[in-house]
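Reader: Hi! Could you walk me through this one with me?

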Amino acid sequence: MAGLSFDTSGAGGGAAANKAFKQQLNKVYGWYTAGFLAFVIVLAVLEQMGLSRQWIGFIFLLATVALYAGIGIMSRTSDAAEYYVAGRRVPAVYNGMATGADWMSAASFIGMAGTLYLTGYGGLAFIMGWTGGYCLVALFLAPYLRKFGQFTIPDFLGARYEGNLPRFIGICAAILCSFTYVVAQIYGVGLITTRLSGLAFEIGIFVGLGGILVCSFLGGMRAVTWTQVAQYIILIIAYMIPVAWLSVKQTGVPIPQAVYGNQLQKVTEREKQLREDPKEKEVIAAFKAKADEFDAKLKDIPAALAAEKAAATQKVADLKAANAPAAEIQAAEKALAAVPANEADAKKAWTAAKAANAARAVPLAGMPSHAAQFAGDPNGDEKAQKTFNESRRNFLALVFCLMVGTAALPHILMRYYTTPSVKEARESVTWSLFFIFLLYFTAPALAVLVKYEVFTVLVGTPFDQLPRWITSWSRVDPALLSVVDINKDGIFQLGEMKIGGDIIVLATPEIGGLPYVVSGMVAAGGLAAALSTADGLLLTIANALSHDLYYKMIDPNAPTARRVMISKILLLIVALAAASVAAQKPADILFLVSAAFSFAAAAFFPALVLGVFWKRANKWGASLGMIAGLGITFYYMVTTQPWLRGVFGVTSPVELWWGIQPISAGLFGVPLGFAVIIIVSLLTPAPTRQTQELVEHVRYPDLKLAKA
Amino acid sequence: MQQLSERHHEYWRKNLRITAILLAIWFVVTYVVGFMARDLNFTFFGWPFSFWVGAQGALIVYVLIIWFYARYMNKLDQEHGVAEEE
């Protein structure tokens, strides 16, 4: 990376300077990509020569984190324009790549293909939602925000809605959604570092955090931008190679996106066979029997508990009497200790065990038919019709929330402040979506190819010949992958595997039989995705606090150097806070991520869009609209989502509105936000002439006015 | 007091029109196809059609929408004298 310098002449520059800068970037990142591929090839050769897996993991972890840190050090800055918006001269293509990396989080890279594997058509809501949102960004927000040309989203709210109240609500909402999101990223970082290096989860989190911090701490948006471009290149290569390989293996064609339709047909055929397969039915019956066993125990808890305790005590006594090996006695003692201590514990444990077994006593291991649009049947009986309608409604509601949320997440919108012009901001959205599209239209292919592999190759394999990745992953975490020969026939059935969505992508290279170096590369790609998103989010939070809260609201005379300094300190504090939350392994990560989208959608989208398109929208309308949108979204989630109900101690019965799942709570918040802004604005005085002129100012890329 | 010329108003009207048209396309591809997904089940190069739209077709249309909008607006800026100076 020698000769990499992002210091062309001062901020702004001319068209010629911008062009020269872009050419220099092309050269640097061209060499960088070649260097990365060479690095992977060298490692592949070393693997053939006997380099151990552990070392490959370590080298990938250290090399990539050191690389990101290096870019961070080279781009260090204390200049405000450089620190907050990368000097506003990021060319459209590179801003597109940086936005792509910023956007694609651990959830996109690791989780999405897994979700598609488990839910089939239903998972496409994420694919459509997380791409279609960019249409809203392009049509409603990016060019206007760029023309406005400040530093943050609360900046826009504060200027457009005349005052600190809307700005303050904006700060709170930005922190709420960014913080929930960043916790999930750091959790992902911890998961991958653990897998790559074998370090403990808590240590893994802090190693990854080091990489994040060096980068955003030293160079702010400038360092983050150039690192994100580097991270995009790694993550897209890492995602494509294993899928292409799997595709060649199954179909002979290296472009999986073009040919997986046929594989989908074969998967659908195979689903029909597996549903009728007598062995699969045996497995289902076995799980059903287990669930019934717990059900029987639950009917008379005291008696069942006493019997269980007696049996366990008896076994220990028998083994001791028979002088059995120490290991067996220990196991029996452990089993005795594991018997629930009292009736309340027993009830809890057995209810959970009954539910877990009942959940597995279903065809296809609980997965719907991959190609089936929605559950239920529109032509069936009343119940099937209701299932169908609710399933369809929830699918469309989720698409809506993810789309609007995409167009309202501050860390994404902020990126469009960094382009040199409005024109480039528009083009930059095109590039952003193009780079995101590359990964998103590959994910459904990956899911189908992996499913084909599992359905046709894995199912029916004798247990003692199962591939190595199954044992190695179930050792990492049994919650992610576990297999059990429940009908004791020695053959693997689909129903006997419980697989978590989060390992599908990470395990794909092994499923396809690729060398371990590719697994290391995929993990490094996932790390890049999580780190880049965490960088952008931390920066958003720190900027909201230092720029909006401190500089704009508390001390408007603060010198630039102090503002940047404060931002850096806050970044450190927020990062540590997020890491300590992530180290607790909060219960429901996927839910937290999706909740961030509903929050952002309800809080920001109506106020931002009306701010540009409706001059009459005023301070009170926007403030109340944001509060109302956010409020109802929050209320609906707290009263309907099991984990949040637990946190807030809600005990009233769950009442879903029109059967909408809590994940899509933004569906209610967004329209309410629009309605409140419009009604309250009309009831209160119009904004000042100056503010209306600001609206006109953002609507035209360059407004040359005749003075009247 | 600043005064917008007729040319400026026309620029904004055209902007609103193209925004509305593109948004309508976005809506049809996403929600109309999504709503009718079960009925649009015919085979399309191996995929059920609505599955393909969700996995690829809609995404391609989204990229085209944004690309077209950027091109159209950048040209409109020039025609109405509101383009930024390079």
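Reader: How do the axes of helix α17 of chain A and helix α2 of chain B cross?

Author: In this predicted model, the axes of α17(A) (residues 422-440) and α2(B) (residues 49-79) come within 9 Å and cross at roughly 165°. Axes are lines fitted to C-alpha atoms, for helices over the stretch in contact, with angles from 0 to 180 degrees between N-to-C directions. Helices are DSSP runs (H or I, at least four residues), strands likewise (E, at least two), numbered from the N terminus. That crossing makes α17(A) roughly antiparallel to α2(B), a label for angles over 145 degrees.

Reader: And which residues of α17(A) and α2(B) make the contact?

Author: From α17(A), they include A:Val429, A:Leu433, A:Phe434 and A:Phe437; from α2(B), B:Tyr62, B:Ile66, B:Trp67 and B:Met73 are among them. Contact is counted when C-beta atoms, placed from the backbone, lie within 7 Å. The residues of this helix contact divide into 13 nonpolar, two polar and three charged. Here Ala, Val, Leu, Ile, Met, Phe, Trp, Tyr, Cys and Pro are nonpolar, Asp, Glu, Lys and Arg charged, and the others, Gly among them, polar.

Reader: Zooming out, how many residues does each chain put into the contact?

Author: Chain A gives 47 residues and chain B gives 44. On the side of chain A that touches chain B, α17(A) gives the most, with ten residues. That side of chain A divides into 30 nonpolar, nine polar and eight charged residues.

Reader: Nice. New topic: is α7(A) largely enclosed or open?

Author: Largely enclosed by the rest of the structure, because seven of the eight residues of α7(A) (153-160) are buried. Buried means 20 or more other C-beta atoms within 10 Å of a residue's own, exposed 12 or fewer, and partly exposed in between, with C-beta atoms placed from the backbone. Among the buried ones are A:Ile153, A:Phe156 and A:Arg160.

Reader: What does phi do at A:Glu162, just after α7(A)?

Author: A:Glu162 takes a positive phi of about 55°. The residue lies in the loop between α7 and α8 (164-197) of chain A. With 19 other C-beta atoms within 10 Å, A:Glu162 is partly exposed.

Reader: Where is A:Lys488 found, and is that residue buried or exposed?

Author: A:Lys488 is in the loop between β1 (481-483) and β2 (497-499) of chain A, and counts as exposed, with 10 C-beta neighbours inside 10 Å. Phi of A:Lys488 is near 55°, a positive value in a residue other than glycine.

Reader: Any conventions I should keep in mind?

Author: Residues are numbered from 1 along each chain as its sequence is written, and chains are lettered from A and ligands numbered from 1 in the order written. Local features need pLDDT of at least 70, side-chain atom pairs count only at pLDDT 80 or more, and totals for chains, interfaces and linings use all residues.

Terms used
Parallel < 35°, antiparallel > 145°, perpendicular 65-115°, else oblique. Contact = placed C-beta atoms within 7 Å.
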